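Here are some comments on the side-chain pairing and burial in this entry, set out as numbered points for checking against the coordinates.

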Amino acid sequence: MEFNDFSQMKKDILAPEKLEIGETPSLDAISEIGQEKIESLKMSISEINTLIISREQMSKQFFEDGELLKSEINKFILENDRIPLADQREIMREKNDLRGKKVTIVESQLKERIDCWKDIANLKKERRIYERELQEKESRMNILGGFLEEN
């Protein structure tokens, strides 16, 4: 445990709104202060988990919508195969435009896949930081609680 960490913990425990000068902190006072920070970290971790799930769902919906659009474009292309030869030049131009739109959709889907992966990786990194901090705070609370129980 670093000196700065212990000093901060001591300041938190001896906060003027909680204790009078010279008063020995009780185990309840320490638990109350530490529990607030622990609950805050747990809430942050829970919110990040919710964001990860939401991001995955949003990405999945994006892909489903893209697949639906590509399917509709394919149907439209197939329906126009029965047009008389006189109008084929215009139809070919439209088909090529629609194929271009399909390519754009596929590119968007690939970009979304990469963006989703990056977003989730960043959220998981942030979650690991909070989990590590939570683990440290819980460990400190246990150690400090053990010291006070001995005295």
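1. In this predicted model, Arg-140 counts as buried, because its relative accessibility is 17% and the cut-off for burial is under 20%. The side chain of Arg-140 nevertheless meets that of Glu-136 in a salt bridge, with an N to O distance of 3.9 Å. Both residues belong to helix α3, where four residues, or about one turn of the helix, lie between one position and the other. Glu-136, for its part, is partly exposed, at 41% relative accessibility, so this salt bridge pairs a buried arginine with a partly exposed glutamate.

2. Salt bridges with shared partners also link Arg-55, Glu-112 and Asp-119 into one network. For the structure as a whole, the count of salt bridges is seven.

3. One of these salt bridges connects two helices: Glu-138 pairs with Lys-42, and the closest N and O atoms are 3.9 Å apart. Because Glu-138 sits in helix α3 (residues 88-150) and Lys-42 in helix α2, the pair ties together parts of the chain that are 96 residues apart in sequence. Both partners are partly exposed, with a relative accessibility of 29% for Glu-138 and of 37% for Lys-42. A reader who applies the salt-bridge criterion should note that the 3.9 Å separation in this pair is to be set against a limit of 4 Å.

4. Within helix α2, Lys-70 and Glu-67 form a salt bridge whose closest N and O atoms are 2.9 Å apart. The two residues are three places apart in the helix, so about one helical turn separates them. Their accessibilities fall into separate classes, since Lys-70 counts as buried at 15%, whereas Glu-67 is partly exposed, with a relative accessible area of 42%.

5. Which residues does Ser-59 contact, once its neighbours within four places in sequence are left aside? They are Glu-112 and Cys-116; of these, Glu-112 is also a member of the salt-bridge network with Arg-55 and Asp-119 described above. Ser-59 itself lies in helix α2, which spans residues 27-79, and a relative accessible area of 7% places Ser-59 among the buried residues. Contacts and burial can therefore be read together at this position, where a buried serine of helix α2 is in contact with Glu-112 and Cys-116.

Conventions: Residues are numbered from 1 along each chain as its sequence is written. This is a predicted model: local features need pLDDT of at least 70, side-chain atom pairs count only at pLDDT 80 or more; totals for chains, interfaces and linings use all residues. Side-chain values use heavy atoms; hydrogens and water are left out. Buried means under 20% relative accessible area, exposed over 50%, partly exposed in between (1.4 Å probe, protein chains only). Contact means heavy atoms within 4.5 Å.
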